[in-house]
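The following exercises practise the reading of a protein model. Please attempt each task before studying its solution.

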Amino acid sequence: MSDEAVSNGAASNGAVSNGAVSNGAEALAVEGLVAGYGEVIALDGVTVTAAASGITAVLGANGAGKTTLLRAISGMIKPRRGRILLADHDVTGRSPEQIVRAGIAHVPEGQGVIPELTVEENLRIGMMSWRGKRAARGAAMEEEYARFKPLADRRRKLASTLSGGERQMLVIARALLARPRVLLLDEPSLGLAPRVMAQVMDLVVRLSREHGLTIVLVEQNARSALAIADHGVVLNLGRVVASADAATLAADVALRHHYLGF
Ligand code: ATP
């Protein structure tokens, strides 16, 4: 069940033994990004920086451009202008596979599990870009099972049998198998009961604080996101309207009323 799945979370297995622990130098920088769909300009010159090993919340109403920002960073759509830098390394315009290899993993909105596959088959998808030996793959899988114990208990079960919280764990575990330095999370709390949502947020904190991942967290639920984030960026109609430390944004009553809905 989901509560246990989440609360066992990331703490059980020590540091992420995969290069994901930051040396403090890595960060993601998006500079003047313009992207869209045909005639639609969804991002109109967006600049966002995610500090290494920190949580950066990307907030804003429906249609603000949050999902498009993550899609552009992960190579799913090509930017029309601007740059995307990973630790000063320009990854703009790379394919999704190249972006994953560079160290950026994306957990899209909607949980993205394949219900007809088992938990283990879903996890294997996270290792598609691996070129390592079979034994190394097995060891990596066991690391994730140790980190997410309830997934280990259900490894041969179809993903369709998992609860919402467990599905969220599965997609995060799958993303971690790609050995990222930067994790892009699109609305991980969507559709979860409040208690499970709080546990997912707690897991996000541990991935950042204990395992050194740089996290970009897109959330409609601005209050919850700002409670765990270090920094926040507010988008509106494809533009950045505010960028500040999370506590400052949470205390800004006018901003909250206009853009954040609380
Ligand atoms: P939501 O929380 O509703 O997902 P969002 O902030 O993530 O909102 P985006 O999904 O990035 O916003 O959408 C930004 C703009 O791009 C919106 O005007 C949206 O209608 C448009 N858009 C998004 N996806 C597509 C698409 N596949 N084709 C055309 N327009 C799109």
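## Exercise 1: The sheet of six strands

An open sheet of 6 strands has the order 6-7-8-3-9-10, and its pairing is mixed. Strands here are DSSP runs of E with at least two residues, helices are DSSP runs of H or I with at least four, and both are numbered from the N terminus. Two strands pair if DSSP finds at least two bridges between them. The model is a predicted one, in which local features need pLDDT of at least 70, side-chain atom pairs count only at pLDDT 80 or more, and totals for chains, interfaces and linings use all residues. Residues are numbered from 1 along each chain as its sequence is written.

**Task.** Determine which strands stand at the edges of this sheet, and describe how strand 9 and strand 10 pair.

**Solution.**

Step 1. Strand 6 and strand 10 (239-245) each have a single partner strand and therefore stand at the edges, with one side of each left without a neighbour in the sheet.

Step 2. On average, neighbouring strands of this sheet are turned by 15° against each other, direction ignored. Angles run from 0 to 180 degrees between N-to-C directions, and axes are lines fitted to C-alpha atoms, for helices over the stretch in contact.

Step 3. Strand 9 (residues 231-236) pairs with strand 10 in the antiparallel sense over 6 bridges. Within the pair, Val233 stands opposite Ser243 of strand 10.

Step 4. Helix 11 (residues 253-260) packs on the sheet, where it touches strand 3 (55-59), strand 9 and strand 10. The direction of helix 11 makes about 50° with that of strand 9. Contact means that the C-beta atoms of two residues, placed from the backbone, lie within 7 Å.

## Exercise 2: Strand 6 and the nonpolar core

**Task.** State in which sense strand 6 and strand 7 pair, and name the residues with the most contacts inside the largest nonpolar core.

**Solution.**

Step 1. Strand 6 (residues 104-107) has both faces covered, with Ile104 and His106 buried on one side and Ala105 and Val107 buried on the other. A residue is buried if 20 or more other C-beta atoms lie within 10 Å of its own, exposed if 12 or fewer, and partly exposed in between.

Step 2. The pairing of strand 6 with strand 7 (residues 182-186) is parallel and comprises 4 bridges. His106 has Leu184 as its bridge partner in strand 7.

Step 3. Leu184 and Leu217 have the most contacts inside the largest nonpolar core, which has 75 residues. Such a core is a set of buried Ala, Val, Leu, Ile, Met, Phe, Trp, Tyr and Cys residues joined through C-beta atoms within 7 Å.

Step 4. Not counting residues up to four places away in sequence, Leu184 touches Leu70, Ile73, Ser74, Ile104, Ala105, His106, Val107 and Val216.

## Exercise 3: The sheet of four strands

**Task.** Find the edge strands of the open sheet with the order 2-1-4-5, and identify the helix that packs on it.

**Solution.**

Step 1. This sheet of 4 strands shows antiparallel pairing. Strand 2 and strand 5 (89-90) are at the edges; each has a single partner strand, so one side of each lacks a neighbour in the sheet.

Step 2. Strand 1 (residues 28-37) runs antiparallel to strand 4 (residues 81-86), and 5 bridges join them. Opposite Val34 stands Arg81 in strand 4.

Step 3. Helix 2 packs on the sheet and touches strand 1, strand 2 and strand 4, its direction making about 70° with that of strand 2.

## Exercise 4: Loop residues

**Task.** Classify Asp88, Ala87 and Arg179 as buried, partly exposed or exposed.

**Solution.**

Step 1. Asp88 lies in the loop between strand 4 and strand 5. Asp88 counts as exposed because it has 9 C-beta neighbours inside 10 Å.

Step 2. Ala87 belongs to the loop between strand 4 and strand 5. Its 18 C-beta neighbours inside 10 Å make Ala87 partly exposed. Although Ala87 is not a glycine, it has a positive phi of about 50°.

Step 3. Arg179, in the loop between helix 7 (164-176) and strand 7, counts as buried because it has 20 C-beta neighbours inside 10 Å. Phi of Arg179 is also positive, near 60°.
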